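This report covers pockets, nonpolar cores and strand pairing, in that order. The structure it refers to is shown next.

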Amino acid sequence: MNVLTVSQVNTYIKALLDEIPPIKNIYITGEISNFKHYPSGHMYFTLKDSKSQLKCVMFSSDNYKIKFNPENGIKVICFGQIGVYERDGVYQLYVRDMQVEGIGSLTIAFEQLKEKLEKEGLFSETNKKPIPKYPKKIGVATSNMGAAVEDIKNILSRRFPLCEVVVVPTVVQGESAPNDIVKSIRFLDSMEDIDTIIVGRGGGSIEDLWAFNTEEVARAVFNCSKPVISAVGHETDYTICDFVADLRAPTPSAAAELAVPNIENERLMIENFGAAIETSVNYIVEKKEEKLNNIKNNSILSDSDSFFKSIEENVGNTFDKIINSFKNILLIKENELKGTANALNALSPLAVLGRGYSITSKNGVVVKRVSDVNINDEIKVILSGGNVKAVIKEVTENE
């Protein structure tokens, strides 16, 4: 009897399965259950239908390529190879690719990311920034080749030539596109004089536009401090970038039209404003003139001669009263002054001299006593009307 070990049996069965062509490259459809995604990156799950189930594993080296997030309950088509896991003695499907059955993996990936970001508030209108009406400089993150960038530049220069345009050449398709779009957005956001950013590309399939459905691009748009206009594809194309952006344009050309005003319309608007202001001012002037005429015709100004004559008479009467009052005051003050002068004159030494008295002085000093002089002294005698000089001949004191 040939006795085999468990390991030998499992290895033998694995070798048999590895050599069966139909199960080396096989497509299997089923519903995902017991899904687990480990930190290592490997995915373990079960495919099931109404009657049976099959264990599956998808290693990180393969699953990084799928666009959607596998979840329990999703019906998928898996491509891979049936093999045996020798340690546990179970056979399983080693998945190398996975697609969502029916709607497609990109569609479900789109819906999954849309639902996730919407729950986080990235689509909320409260987070939308207003687009400046008169931008001085606009940044454009798109491919520098193709019709889209030329349409944007031509429309911006035609509609609002006062605005400067900065184009950052950007990869917008392929595996490197999401990272390059993020770099371009951040670069334009770092420029202080940029007012608005347009990000997008021309039309294409969902695969061509997929870079604008990635989470990194969505978060770069959301975190941008400058307002962002999303201009991806044609009018019927919607991307995650459209929902996150501050404004969605149906096409790149429409984005250019939404980013700036039409200078001709602005000029016409200014002319209309000027005409309206002129009409308004003329109307106000006419109303004021009409009001002034009414005042002139229905007030004392209508008989201005009599009005001013009455005022003139009042002013004249008042002036006469002031003159008369001033004359009376002046007469009173004049009489008071004369009385004061008479009183002062009565006290003046000159008045005394006029009554026959005199003043004698020696060396400028008034002689008050006989003892103040001696014989031969020169003296000065002040009399009414003049003075004389004399020499003392005799001095006699009263007994």
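## Pockets

The largest pocket holds about 780 Å³ of space. Its lining comprises 30 residues, and those closest to the centre are Y64, I66, K67, W210 and T214. These values, like the rest of the report, come from a predicted model.

Three helices, α3 (105–120), α5 (177–190) and α6 (215–223), each contribute at least two residues to the lining of the largest pocket. The biggest contribution is that of α3, with 5 residues.

The second largest pocket has a volume of about 280 Å³. Nearest its centre are Y44, K55, C56, V57 and Q92, which belong to a lining of 14 residues. Here the elements supplying two or more lining residues are the strands β2 (43–48), β3 (53–58) and β5 (90–100).

The table gives the lining of each pocket by residue class.

| Pocket | Nonpolar | Polar | Charged |
|---|---|---|---|
| Largest pocket | 12 residues | 9 residues | 9 residues |
| Second largest pocket | 8 residues | 3 residues | 3 residues |

## Nonpolar cores

The largest nonpolar core has 59 residues, and F45, L47, L93 and M98 are the members that touch the most others in it. Helix α3 provides the largest share of this core, 6 residues. The helix thus appears in two settings: it gives the most residues to the lining of the largest pocket, and it also has the largest share of the largest core.

Which residues does M98 contact, once its neighbours within four places in sequence are left aside? They are I32, F45, M58, I66, F68, P70, V76, I77 and C78. Two of these recur elsewhere: F45 is listed with M98 among the core members that touch the most others, and I66 is one of the residues closest to the centre of the largest pocket.

A second core, separate from the largest, has 17 residues, including I152, L156, F160 and A256.

## Strand pairing around β13

Strand β13 (residues 378–383) pairs with two strands, β11 and β14. With β11 (residues 359–362) it runs antiparallel through 3 bridges, and I382 in β13 is the bridge partner of I359.

With β14 (residues 386–391), β13 is again antiparallel, joined by 6 bridges. In this pairing V381 stands opposite V388 of β14. The strands β13 and β14 form a hairpin with 2 residues between them, and G385 in that hairpin takes a positive phi near 100°.

How values were computed: Residues numbered from 1 in each chain as written. Predicted model: local features only at pLDDT ≥ 70, side-chain atom pairs only at ≥ 80, totals over all residues. Heavy atoms only, no water. Pairing = 2+ DSSP bridges. Helix = DSSP H or I, 4+ residues; strand = E, 2+ residues; numbered from the N terminus. 1 Å grid on protein atoms, 1.4 Å probe; cavity = no way out; pocket = protein on both sides within 12 Å on 5 of 7 lines; lining within 4 Å. Points joined across faces, edges and corners; volume = space filled by probe spheres on them. Nonpolar A, V, L, I, M, F, W, Y, C, P; charged D, E, K, R; others polar. Core = buried A, V, L, I, M, F, W, Y, C linked by side-chain atoms within 4.5 Å. Buried < 20%, exposed > 50% of the residue type's maximum accessible area, 1.4 Å probe, protein only. Contact = heavy atoms within 4.5 Å.
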